[in-house]
Every structure is written in structure tokens, then in C-alpha cells.
Amino acid sequence: MMNHTAPKDLAQLIAPVWSGDTVYEESFLPLAGKGADKAAALRIPLLYHAEEILSVTDMRREKTFEAGKDYLLEGGALVIPADSAIARLGWDDYQLFDESLPQPHFLCEGGGFLLFREGSFFHGQEYCVTYRHKDAWDGFIPKGDAGKLPRVKKLLADGKPVSFCWFGDSITTGANSSGNPGIHVPPYTPMFPQMTVLALEAKYGSEIRYVNHAVGGTVSGWGCEQLPKDFAGERPDVMFIGFGMNDASGKIDAKVVAANIRTMMEQTLAINPDCEFLICSTTLPNPLASTFVGNHEEHEPLFAEICRDYGARAQLVPVTSMHKALLAKKHFYDMTGNNINHPNDFLARIYTQVILSVLA
């Protein structure tokens with residue numbers, strides 16, 4: 001099993017946002033839109049029409065804000081008054097025109113540069129709202145195939161040991177998650193691969209060997225070179241493959257990426273012929289990152305084709321479709337860890353929720 005304890009609120013962290021009547025700690029960044037009056041109240045878009053707000057806290061859960069003073073519930077929306085203790089950003093803090101920025105920076109659609117920070121910066125800028133709602137989810141819902149991954153499902157159902165291996169780019173490393181050892185700030189939410197394993201251990205009682213060889217900044221071609229070396233001493237029962245963000249931003253042909261995924265699957269089967277696969281499509285980058293946006297949406301249909309070709313052995317994890325559904329209701333910056341391509345704790349939880357859903 002893993003070397004750390006599951007958080008007490010694990011059940012809330014993994015509760016799918018597309019079901020139930022309560023959304024737990026939905027994140028938001030209070031950013032005044034371009035040309036907006038900084039002194040005006042700020043309306044925050046939510047995934048649902050809220051009936052009752054249970055709490056509003058900072059991202060680190062260190063501050064709890066006061067209803068009627070720091071926030072209001074108006075017409076199902078969260079409203080931040082101008083004199084709220086919830087700090088907001090102005091658009092001039094977001095679209096920057098200073099060429100002497102201290103970190104690498106990304107061009108912004110419309111001119112200038114996008115606010116970009118790695119580490120824990122956005123953990124200090126974002127907030128969380130927990131609320132009840134009556135309306136049903138009207139967007140994409142991830143669903144698995146009961147006939148997929150029969151071997152690993154039986155191992156789990158029987159409470160037997162499982163070797164769960166993870167491979168991909170920085171998103172699969174858990175980049176910008178508060179529980180990432182390189183970030184390590186409250187509330188220390190586990191990185192989504194770890195959160196997934198913790199949830200499976202809690203549900204099935206299986207001893208799950210967790211092996212993660214994802215590396216930030218990598219593309220699928222690198223994965224083909226590295227996988228046989230990194231997993232040579234393992235015998236994975238299930239392999240999660242999560243490449244695509246950097247491939248697409250680097251304008252690599254989507255068919256090449258799909259071919260690389262197939263190569264990695266065959267390399268894994270050479271290590272363990274019984275291995276089964278979770279093939280994950282990526283979240284989308286900031287649509288205002290003009291030189292970073294690429295052919296990200298082309299991957300998921302090709303990955304779905306791979307999973308059809310491999311039959312019961314492979315299951316698609318359709319994170320791209322799920323992220324698109326979230327972006328139809330919320331801003332990209334409400335769910336980001338670095339404002340370019342990394343998820344924050346809330347969006348990382350979505351990864352786990354989608355994985356668990358297709359495994360169900």
C-alpha cells in the first residue's frame with residue numbers, strides 16, 4: 001500500500017461533480033473581467049444554480065468567509081461584494097504588458113503576456129465554495145464499459161494485490177497539486193494518481209503498488225524511448241498513459257501521438273502480457289495562451305479508437321470531454337494551477353473522478 005494516509009475528506013474529494021446535490025470545494029479565481037469596474041460586485045460562475053452556500057474558504061482552507069458580508073447568493077450565483085475580504089485580481093494583473101517578467105512567460109491572445117506562475121502562487125489567489133443545488137448535470141458524463149479491464153477489476157473485487165503504474169507528462173506527476181512534495185501547502189490534497197490509488201484501496205482493501213514514472217515537459221515520443229527502461233523491473237497489472245498536453249502544444253501531429261501510445265502499450269505488453277490500460281486524454285490549455293494552444297482536442301477520438309482496437313484490454317479516460325463540459329460553465333482560470341496548462345486541486349480531483357467512473 002501507499003506510504004501515507006488517505007485524507008479524512010477523501011469521499012468528498014472523489015464525489016463526482018456530475019452527480020448528487022452537493023458540490024464540494026469548487027474552485028474559483030475572483031478576477032474582474034477586461035474593462036470591468038474594480039469597485040463593482042463580482043459574479044462568480046458556478047457549475048450549478050446554487051440553492052444554499054455551505055462555505056466559502058481560501059484555497060488553503062486557512063480562512064473561512066462570512067455570508068452576507070464577504071459573499072452573497074443571488075439568483076443561484078456566488079457574488080463577491082466590492083468590500084469583501086476575498087481579494088480579487090484586476091484584468092491588468094492578468095494580461096501583462098511588462099516584458100521584464102521574472103519567469104518564462106506566454107503570449108496572450110490580444111497582446112501582452114498571460115499571468116503565469118508555478119509552485120504555490122495560485123493556491124494563494126484562488127478560493128473554494130461548497131454548495132447545494134437542485135438542478136441536474138446537463139453536460140458530458142464519463143462512463144466506462146463493464147466489459148473493459150476484466151482482469152484488474154477482478155483483482156480489485158477479490159481484494160488481491162494490484163500493481164498500478166503511471167506514465168505521462170507533468171500533469172501525471174501531480175504538478176501544482178497542494179499535496180505534491182514540491183509544493184506542499186495546505187490542504188495537501190493528494191496528487192490525482194495517488195488520490196485514485198487511495199480511493200481504490202479504501203473501496204476494495206487491495207494492496208496496490210503505486211509506481212509513477214511521469215516526467216514534466218515530456219512528449220509521447222520520449223515516452224516510447226523511456227518506458228522500457230523505467231518499467232523493466234515492474235510487472236504492471238494496469239498502466240495509465242497520460243501524454244498529449246505538450247505534444248499538442250508542440251504542434252505534433254495527433255496521429256503520431258496515437259501511434260506513440262500504441263508503441264508504449266506494446267512495450268508494456270512485452271513486460272507483462274496480461275497488463276491492461278487506461279489511456280487518458282488531456283485537459284485543455286488556457287485558450288488565451290496564443291502560442292501554446294494546439295490540436296489537443298484531436299487526441300481523444302484517436303485514443304478512443306485505440307481502446308476499441310485493443311478490446312477489453314484498454315479503457316479510455318475522457319478527460320478532454322469532461323474539461324470541455326466544465327469550461328462551458330466556468331472560466332479556465334477558475335481551475336488552473338499555473339494559468340497555462342496545469343490543473344489546480346479541484347481539476348486534479350476531476351481526473352480521479354473520471355478514472356474511478358470508467359473503472360466502475
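Two strands pair if DSSP finds at least two bridges between them. Helices (H or I, at least four residues) and strands (E, at least two) are DSSP runs, numbered from the N terminus. The model here is predicted, so local features need pLDDT of at least 70 and side-chain atom pairs pLDDT 80 or more, while totals for chains, interfaces and linings use all residues. Residues count from 1 along each chain as its sequence is written, and side-chain values use heavy atoms, without hydrogens and water.

**Exercise 1. Work out how S2, S4 and S5 are arranged, and find the residue opposite Glu74.**

Step 1: Get the order. The open sheet has 3 strands, running S2-S5-S4 with antiparallel pairing.

Step 2: Look at the edges. Strand S2 (42–44) and strand S4 (72–74) each have a single partner strand, so each has one side without a neighbour in the sheet. From one strand to the next, the twist averages 40°.

Step 3: Zoom in on one pair. S4 and strand S5 (residues 77–80) run antiparallel and are joined by 3 bridges. Glu74 sits opposite Ala77 in S5.

**Exercise 2. Describe how helix H5 packs against helix H7.**

Step 1: Take the geometry. The axes (lines fitted to C-alpha atoms over the stretch in contact, with angles from 0 to 180 degrees between N-to-C directions) of H5 (residues 220–230) and H7 (residues 254–271) come within 9 Å and cross at roughly 10°.

Step 2: Classify the angle. That makes H5 roughly parallel to H7, a label for angles under 35 degrees.

Step 3: List who touches whom. Contact (heavy atoms within 4.5 Å) involves residues of H5 including Gly223 and Leu227, and residues of H7 including Met264 and Ile271.

Step 4: Sort the residues. The contact has 6 nonpolar, 7 polar and no charged residues; Gly counts as polar here.

**Exercise 3. Find the hubs of the largest nonpolar core, then see what Leu278 touches.**

Step 1: Define it. A nonpolar core is a set of buried (under 20% relative accessible area, 1.4 Å probe, protein chains only) Ala, Val, Leu, Ile, Met, Phe, Trp, Tyr and Cys residues joined through side-chain atoms within 4.5 Å.

Step 2: Pick the hubs. Among the 71 residues, Val56, Leu78, Tyr131, Phe164, Leu278 and Leu326 touch the most other members. Helix H10 (residues 345–359) gives the largest share, 10 residues.

Step 3: Follow Leu278. Leaving out residues up to four places away in sequence, the partners of Leu278 include Phe164, Phe240 and Ile355.

Methods: Buried means under 20% relative accessible area, exposed over 50%, partly exposed in between (1.4 Å probe, protein chains only). Angles under 35 degrees count as roughly parallel, over 145 as roughly antiparallel, 65 to 115 as roughly perpendicular and the rest as oblique.
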